[in-house]
Amino acid sequence: MPIPDPHLPASQWILSSDGRSAALSMGQKLPGEVVLLSSTEQKAIETAHLAAGRAPACDAGFREVDRPGEPFDEFSSERRGAWIRGELDDRHHGWETPAQAARRFSRSVQDHPKDDVLIATHGMVLVAWLVDIGRVESGRAAESYWSALTFPQLITVEIPT
């Protein structure tokens, strides 16, 4: 729950007071001994720090999907939903593809093969990765999963080693 500012890139948005409160309330739901990681985006760093009570290690691999030139308008949700469904078109020119985003995310996860990790990340890149590893079906199912995400939300994913 950031404070959207159309004059700043989304990566620089900060949490709203409701977002800070929600992050603080997540603390009681978090597992104990984990490696705390975060996207390099301010809202994810704030969320992780407030929830865990300590600063996360930042990793650009967990940042949201690169969407250069995306307008901040009433069509954002549909444009992003089409991306999640894998229906890329002219609206997504220059954007990172779902496969590229998933590979980037996966490389960062693989940097911690034996660790239990808690990752503060973002919805679009998370869903692209979950589709890529077969935990969420592609297409409309992926969009439905993405649309149902709350801010913040704790999701457990077990990956066999």
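**Exercise 1. Arg 85**

Decide whether Arg 85 is buried or exposed in this predicted model, and find which residues it touches beyond its sequence neighbours.

*Solution.*
Step 1: Start with the location. Arg 85 sits in helix α3, which covers residues 76-85.
Step 2: Look at the accessible area. The relative accessible area of Arg 85 is 11%, and buried means under 20%, so Arg 85 is buried.
Step 3: Now list the contacts. Leaving out residues up to four places away in sequence, Arg 85 touches Glu 78, Gly 139, Arg 140 and Glu 143.

**Exercise 2. A partner for Arg 85**

Identify the salt bridge between Arg 85 and Glu 87, give its N to O distance, and say how accessible Glu 87 is.

*Solution.*
Step 1: Recall the idea behind such pairs. Side chains of opposite charge can pair when their charged atoms come close.
Step 2: Check the distance. The closest N and O atoms of Arg 85 and Glu 87 are 3.0 Å apart, and the cut-off for a salt bridge is 4 Å.
Step 3: Check the partner. Glu 87 has a relative accessible area of 39%, so it is partly exposed.
Step 4: Widen the view. A network of salt bridges links Arg 85 and Glu 87 with Glu 78, Asp 89, Arg 91, Arg 140 and Glu 143.

**Exercise 3. Two more salt bridges**

Work out which parts of the chain Glu 70 and Arg 80 tie together, then describe the pair Asp 73 and Arg 79.

*Solution.*
Step 1: The side chains of Glu 70 and Arg 80 form a salt bridge at 2.9 Å, N to O.
Step 2: Glu 70 belongs to the loop between β2 (57-58) and α3, while Arg 80 belongs to helix α3, so this pair joins parts that are 10 residues apart in sequence. Glu 70 is buried, at 17% relative accessibility.
Step 3: Asp 73 and Arg 79 also form a salt bridge, with their closest N and O atoms 2.8 Å apart. Asp 73 is partly exposed at 28%, whereas Arg 79 is buried at 6%.
Step 4: For the overall tally, the whole structure holds 13 salt bridges.

**Exercise 4. Strand β3**

Sort the side chains of β3 (residues 117-120) by face, and find the bridge partner of Leu 36.

*Solution.*
Step 1: In a regular strand, side chains alternate between the two faces of the sheet.
Step 2: In β3, Leu 118 and Ala 120 point to one face and are buried, but Val 117 and Ile 119 point to the other and are not.
Step 3: β3 pairs with β1 (residues 35-38) in the parallel sense over four bridges. Leu 36 has Leu 118 as its bridge partner in β3.

Key: Residues numbered from 1 in each chain as written. Predicted model: local features only at pLDDT ≥ 70, side-chain atom pairs only at ≥ 80, totals over all residues. Heavy atoms only, no water. Buried < 20%, exposed > 50% of the residue type's maximum accessible area, 1.4 Å probe, protein only. Helix = DSSP H or I, 4+ residues; strand = E, 2+ residues; numbered from the N terminus. Pairing = 2+ DSSP bridges. Contact = heavy atoms within 4.5 Å.
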